[in-house]
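Here is a friendly walk through one predicted model, written for someone who likes to know the cut-offs behind the words. Please keep the sequence and the 3D view at hand as you read.

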Amino acid sequence: MVQSNLCTQFAHEIGRIRPLDDEAMRMTDVRLGNLTKPPGSLGKLEDIARQLAGITGEVDPDLSRKAIIVMAADHGVCAEGISAFPADVTPQMVMNFLSGGAAVNVLAKQAGADVVCVDIGVNAELEHPDLYARKLMHGTNNMAQGRAMEHDTAVQALLTGIELVETLWNKGYRLFATGEMGIGNTTASAAVMSVLTGCSPEEAAGRGTGIDDARLAHKIEVIRRSIAINEPNVEDPFDVLGKIGGLEIAGLAGVILGAAARRCPVVIDGFISSAAALIAARMAPDAVQYMIGSHLSNEQAHKKLLDAIGLAPVIHLDMRLGEGTGAALCFHLIEAAQRLLREMATFDSAGVSRG
Ligand SMILES: Cc1cc2ncn([C@H]3O[C@H](COP(=O)(O)O)[C@@H](O)[C@H]3O)c2cc1C
Ligand SMILES: O=C(O)c1cccnc1
């Protein structure tokens, strides 16, 4: 009963996601064509301007209030020794986010964005006035021994992401980005990728926080075992999420779907955020049009994961951090696209001859 109620809420939200607004995109193309430049010469910045119009239904939307939603959670699979760092780092980094000392805080500040730090499943008691306390579990169960979380918990995590977007939307935020913190989460993300794209654990797994060859071989084996023991159904993204996913991955999939349902652009950060984006895409294919791929992570499988979603990253800086750092940098390019459209002269206003 409870489960069907949650699923009904979720289905309602998914039902709100619509294709992009063709007329707003056409008007943007007209405006871009009148600016003092050869047609298409601003490349992906023109694509972004067009996409923002299609998403919002406005040629020049006000996206000045922007939030990076950093979902934090722990992973039972850390017991298998798959990360270069201990699980204690997850709560420690949450406190660092709340004190403003993490990389994402610095980059968000520079981009004029707010960091929204969410405890959706950290294995520690955390208290801070700025923390969004939404803990559903004290970390997932060890997926190498059984399912990571109950089906219902995965749906609750998705709804938590949606609720956060709703809360922030009511405060005036119109541009969102995904970020995460969770030691062990590249293992869960690689497992999700392997099942949903059909690639092998070898192809999906990367070095995460910087593991050596021996530990990478072990990580691949743990992913293989987790998939074998849980037998996730590739046709059912809820099943995949509940069995081999993570609470922050589920929460971020909810953030992405919630943003799409409210016609807001959502910037996808690195490998873990992209695993969440793939889940969201399988739940609501139209949601992909609301996503902006920010950067290409150095996590080796990221390119293949973005290809599976249908996203092309705009930044290549060899970063492999997560937290929302690549997404924060992408905010600058989004603002650049908007400023060009808004502030450039037209051929007529500047008296420049057309070709
Ligand atoms: C100090 C520190 C800060 C981080 N910020 C993001 N991550 C990143 O590394 C983790 C994933 O890597 P793995 O799967 O190998 O554990 C995630 O928490 C991710 O956000 C960090 C990792 C560390 C150690
Ligand atoms: O691409 C990412 O988001 C990433 C890669 C390695 C470790 N943490 C995050």
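Around ligand 1 there are 18 residues, and Ser83, Thr186, Gly208, Thr209 and Gly322 come nearest. A residue counts as near a molecule if its C-beta atom, placed from the backbone, lies within 6 Å of it. This is a predicted model, in which local features need pLDDT of at least 70, side-chain atom pairs count only at pLDDT 80 or more, and totals for chains, interfaces and linings use all residues. Residues are numbered from 1 along each chain as its sequence is written, while chains are lettered from A and ligands numbered from 1 in the order in which they are written.

**The two ligand shells**

Three elements each supply at least two residues of the shell around ligand 1: helix H4 (89–99), strand S4 (175–181) and helix H7 (185–197). H7 gives the most, with three residues. Helices (H or I, at least four residues) and strands (E, at least two) are DSSP runs, numbered from the N terminus.

Which residues are closest to ligand 2? They are Gly270, Phe271, Ser297, Arg320 and Gly322, out of 13 residues that surround ligand 2. Gly322 is thus named among the nearest residues for ligand 1 and among the closest for ligand 2.

The table gives the classes for each shell. Ala, Val, Leu, Ile, Met, Phe, Trp, Tyr, Cys and Pro count as nonpolar, Asp, Glu, Lys and Arg as charged, and the others, Gly among them, as polar.

| Shell | Nonpolar | Polar | Charged |
|---|---|---|---|
| Ligand 1 | seven residues | nine residues | two residues |
| Ligand 2 | three residues | seven residues | three residues |

**Glu323**

UniProt, in an unreviewed entry, places the feature "active site" at Glu323. UniProt positions are given in the numbering used here, feature names are shortened, and annotations may be inferred rather than shown by experiment. Glu323 lies in the loop between helix H13 (302–309) and helix H14 (325–343). Is Glu323 buried or exposed? Glu323 counts as buried because it has 28 C-beta neighbours inside 10 Å. The cut-offs are 20 or more other C-beta atoms within 10 Å for buried, 12 or fewer for exposed, and partly exposed in between, with C-beta atoms placed from the backbone.

Leaving out residues up to four places away in sequence, Glu323 touches Val70, Ala102, Ala103, Val104, Gly179, Glu180 and Met181. Two residues are in contact if their C-beta atoms, placed from the backbone, lie within 7 Å.

**The sheet**

Val70 leads us to the strands. Six of them form an open sheet with parallel pairing, in the order S3-S2-S1-S4-S5-S6. Its edge strands, strand S3 (132–133) and strand S6 (291–293), each pair on one side only. Two strands pair if DSSP finds at least two bridges between them.

Strand S1 (residues 66–73) pairs in the parallel sense with strand S2 (residues 114–121) over seven bridges, and S1 also pairs with S4 in the parallel sense over seven bridges. The bridge partner of Val70 is Cys117 in S2 and Gly179 in S4. Ile68 stands opposite Val115 in S2.

S1 is mostly covered, with eight of its eight residues buried. From S1, Lys66, Ile68, Val70 and Ala72 point one way, and Ala67, Ile69, Met71 and Ala73 point the other way.

**Domains and Ala49**

An automatic or database domain assignment divides the chain into domain 1 (2–60 + 341–350) and domain 2 (66–333). Their C-alpha centres lie 26 Å apart. The contact takes 22 residues from domain 1 and 23 residues from domain 2. On the side of domain 1 that touches domain 2, helix H1 (2–15) and helix H3 (43–56) each supply at least two residues. That side divides into 12 nonpolar, six polar and four charged residues.

Ala49 is found in helix H3. Ala49 is buried because 26 other C-beta atoms lie within 10 Å. Not counting residues up to four places away in sequence, Ala49 touches Thr28, Leu32, Ala337, Gln338 and Leu341. The C-alpha atoms of Ala49 and Thr28 are separated by 7.4 Å, although the two residues are 21 residues apart along the chain.

**Two positive phi values**

Glu231, in the loop between helix H9 (213–230) and helix H10 (237–244), is a residue other than glycine with a positive phi, near 45 degrees. Glu231 counts as exposed because it has 9 C-beta neighbours inside 10 Å. Asp318, in the loop between H13 and H14, is not a glycine and has a positive phi of about 60 degrees. With 8 C-beta neighbours inside 10 Å, Asp318 counts as exposed.
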